[in-house]
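Visitor: I am new to this structure. Please take me through one part of it in detail: a place where two helices pack together.

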Amino acid sequence: MSKNPSTVTPENTIAFARNIIRTECSAVERLENYIDLSFVEIAETIFRSKGRLIITGIGKSAIVANKIVATLNSTGTPAVFMHAADAIHGDLGIILPEDIVICISKSGNSPEIKVLVPFIRQMGNLLIGMVGNLDSFLAQHSDRILNTTVAEEACPNNLAPTSSTTAQMVMGDALAMTLLKMRGFTAQDFARFHPGGALGKKLYTRVRDIMSDEGVPKVAPEAPLNEVIIEISSKRLGATAVVDPASGRLEGIITDGDLRRMLESGRELAAVRARDIMSVAPKTIPADELAVKAFRMMEQNKITQLLVLDPDRNDDYCGIIHIHDILREGVV
């Protein structure tokens, strides 16, 4: 392997990499032409099936198959990966009578594919070929075809699977998302399959789960300034709600910033009451709302805390959630 140092310049590298991306984008755009009524029939058949989707392949196509299986399983379509080489050495037992098989191959003529396909046919399972060569063995012996033909690989030698594997991945996503739509798969369904990690926290964590346990800071509208300062300081949340003691109605919020602005105004401190410096119509959020929504509200309004309302108690004020609570929990 040799290289010509005179051609390895930053400009050449940028141009080369951009061309790779353009080539793969062109391959993906071409897939639109392959989405027709046969694609609809395939999706509807899988949707109505009582079995699973078995996805197989060899080499790079096997890696793509694994990814498609993971996407399907996480979006409501039961799927199992079966390596084409292992299948002809015992793993064919994975396939149950009502399962549908998708075999992924660019050439459709790999030795393993030629051995595997006849056995699947003998078992009587529906065989879908995701293939880039419509004249291949796989294409000719499949019940249905997902066409992933590409004009060229992005590899400068037109050898390494690049455009072809990208096309396979995108076709798999198109099928998985179509099935998701057919199933009416919701964000709540998605959350059931993703309980762990940052994604799980976004989908599961509620405001009540992480709101501060430092107490419920609140003062009456007629509370003097020293009482307001003590309440904010003792609860360490940078703010306090202003609540009418008679009706329990939320009147407003006072933050550290409101205190600073009041002090800078030069007003007579002894006469200041909570109602004089509070911000009316404070931003609130229900306790059972997702914490990630609270974060977005803070971002949109350029604030660091929200007053929390309890939907189980007539939306009474029940505490404060601070942006630090959300960041500490790793929700975002």
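Guide: Start with a term. A crossing of two helices is called right-handed if the near helix is turned clockwise from the far one by less than a right angle, and left-handed if anticlockwise. Keep in mind that this is a predicted model.

Now look at helix H1, residues 10-31, and helix H7, residues 163-183. Two packed helices are described by the angle between their axes and the distance between the axes. Here the axes of H1 and H7 come within 9 Å. They cross at roughly 40 degrees. Angles under 35 degrees would count as roughly parallel, and 65 to 115 as roughly perpendicular. H1 and H7 are therefore oblique to each other. Their crossing is right-handed.

Next, the residues that touch. H1 brings Thr 23, Glu 24, Ala 27, Val 28 and Leu 31 to the contact. H7 answers with Ser 163, Thr 166, Ala 167, Val 170 and Met 171. Sorted by class, this contact of H1 with H7 has six nonpolar residues, three polar and one charged. Ala 27, Val 28 and Leu 31 of H1 are in the contact and count as nonpolar. So do Ala 167, Val 170 and Met 171 on the H7 side. Glu 24 in H1 counts as charged. Thr 23 of H1, with Ser 163 and Thr 166 of H7, counts as polar.

To sum up the pair: H1 and H7 cross obliquely, with a right-handed turn, and six nonpolar residues take part in their contact.

Terms used: Residues are numbered from 1 along each chain as its sequence is written. This is a predicted model: local features need pLDDT of at least 70, side-chain atom pairs count only at pLDDT 80 or more; totals for chains, interfaces and linings use all residues. Side-chain values use heavy atoms; hydrogens and water are left out. Axes are lines fitted to C-alpha atoms, for helices over the stretch in contact, and angles run from 0 to 180 degrees between N-to-C directions. Helices (H or I, at least four residues) and strands (E, at least two) are DSSP runs, numbered from the N terminus. Angles under 35 degrees count as roughly parallel, over 145 as roughly antiparallel, 65 to 115 as roughly perpendicular and the rest as oblique. Contact means heavy atoms within 4.5 Å.
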